[in-house]
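Subject: Structure for your files, with notes

Hello,

Here is the structure I said I would send. My notes are underneath.

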Amino acid sequence: MDFEKQQQAYRNSRPSIIGRGFEIITNPVGGAVAGFVPSGLVRGVLQGIDQAIGAPQLVRFDHDLSDLAACQNAAERVAIATRAISGTTGAASGIGGILTMGLDIPATIALALRCIRDTGRAYGYDGKGARERLFRLQVLELAGLNDKTLRAERLAALEAGIGSDGNLTEMPADEIEPIIEQAVERVSRALAIALFRRRVGAVVPLVGSVIGGAVNVSFQGDVGEAARFAFQERRLKAGKA
């Protein structure tokens, strides 16, 4: 299996088809609809849920961590479980149209963060510590971006934070928290806009159920791909050290 080729394919990839489609269709009114969920709410969810490192894993696995292919398979199982759960909650929240379409946003973000955390565990990273938390936020932000230039910048920043041995570059303790706060602010804005632009079609009751489910599956698919790229990149660098 050519892992390096997979990594390069992700670097060159575009947002998911569903994600691109909803962005194009809903862009004229997406900003207004995004206002239905204050960025402060999203920020609170990010800060609270991502600190709950002890939450149960989405999928239990017991594979050989030295086998990169087995790690990738475990990570894909995490992504499959995440999409299935999020698709169900998205469909339920879309039934009532605009009145209910934002109810599962906290659950969607919490599930995305658990997906990133469990993907890291699939590759042998326990995710403990402020530096790892910042890395997860970088992955989540990357998954929510559709702007090509901004995506390239964030991807480069994420890769720059991975040392030659696969470990994250060190940061002084008094510098990490301010950087995390800045990352939370960026992620909250990106997700508030991205999730709601994709959901504009869910303002119609019942039809919104289909759209809500599809959008959640698409978003969690983007999260899973970003997480696999990020943690696989760390393992590949570790293997070269």
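The notes below go from the overall fold to single residues and their charged pairs. Please keep in mind that this is a predicted model.

Overall make-up

The protein chain has 9 helices and 0 strands. Read from the N terminus, the order of elements is therefore α-α-α-α-α-α-α-α-α. The chain has 241 residues, and 50% of them are buried. The exposed surface comes to about 10700 Å², with carbon and sulfur atoms supplying 60% of that area. Among contacts with a separation of 6 or more, 84% are between residues 24 or more positions apart.

The core

The largest nonpolar core holds 47 residues. Those that touch the most other members are Leu46, Phe135, Val139, Leu140 and Val223. Two or more residues of this core come from each of α1 (3–11), α4 (68–93), α5, α6 (130–144), α7 (148–160), α8 (173–198) and α9 (207–240).

What does Leu46 contact, once its neighbours within four places in sequence are left aside? The partners are Ile109, Leu113, Arg133, Leu137, Leu140, Val184, Val187, Ser188 and Leu191. That list includes Arg133 and Ser188 as well as Leu140, and Leu140 is itself one of the residues named above for touching the most other core members.

Helix α5

Helix α5 covers residues 105–122. At 1.5 Å a residue, its 18 residues should span 26 Å, and the end C-alpha atoms are 25 Å apart, so the two values agree. The helix is mostly covered, with 14 of the 18 residues buried. After α5 comes Gly124, which has a positive phi near 100°.

Arg117 is in α5. Is Arg117 buried or exposed? With a relative accessibility of 4%, Arg117 counts as buried, because the cut-off for buried is under 20%. The side chain of Arg117 reaches the backbone oxygen of Pro56 at 3.0 Å. Arg117 also has Arg136 at 7.2 Å, C-alpha to C-alpha, with their positions 19 residues apart in sequence.

The same helix, α5, holds a charged pair, Arg121 and Asp118. Their side chains meet in a salt bridge, with N to O at 3.8 Å. The two are 3 residues apart, which puts about one helical turn between them. In an α-helix there are 3.6 residues a turn, so residues three or four places apart point the same way. Asp118 has 0% relative accessibility and therefore counts as buried.

Other salt bridges

How many salt bridges does a search of the whole structure find? The search finds 7. In general terms, side chains of opposite charge can pair when their charged atoms come close. Besides the pair in α5, two further bridges are described here.

One is between Glu233 and Arg11, whose closest N and O atoms are 3.1 Å apart. This pair links distant parts of the chain, with Glu233 in helix α9 and Arg11 in helix α1, 222 residues apart. Glu233 is buried at 6% relative accessibility, whereas Arg11 is partly exposed at 22%. Arg11 and Glu233 also belong to a network of salt bridges that takes in Glu159.

Another is between Glu141 and Arg186, at 3.2 Å from N to O. Here too the pair links distant parts of the chain: Glu141 is in helix α6 and Arg186 is in helix α8, 45 residues apart. Glu141 is buried, with a relative accessible area of 4%, while Arg186 is partly exposed at 25%.

Arg186 has further surroundings to note. Not counting residues up to four places away in sequence, Arg186 touches Arg154 as well as Glu141. The C-alpha atom of Arg186 is separated by 9.2 Å from that of Arg43, a residue 143 positions away along the chain.

In short, this is a chain of 9 helices with a largest nonpolar core of 47 residues. Salt bridges connect α9 with α1 and α6 with α8, and another lies within α5.

Regards

Definitions and conventions
Residues numbered from 1 in each chain as written. Predicted model: local features only at pLDDT ≥ 70, side-chain atom pairs only at ≥ 80, totals over all residues. Heavy atoms only, no water. Helix = DSSP H or I, 4+ residues; strand = E, 2+ residues; numbered from the N terminus. Buried < 20%, exposed > 50% of the residue type's maximum accessible area, 1.4 Å probe, protein only. Contact = heavy atoms within 4.5 Å. Areas by Shrake-Rupley, 256 points an atom, 1.4 Å probe, with all protein chains shown as cover. Expected span 1.5 Å × (residues − 1). Core = buried A, V, L, I, M, F, W, Y, C linked by side-chain atoms within 4.5 Å. Polar contact = N/O pair within 3.5 Å; in protein donor to acceptor, adjacent residues only side chain to side chain. Salt bridge = Lys/Arg side-chain N within 4 Å of Asp/Glu carboxyl O.
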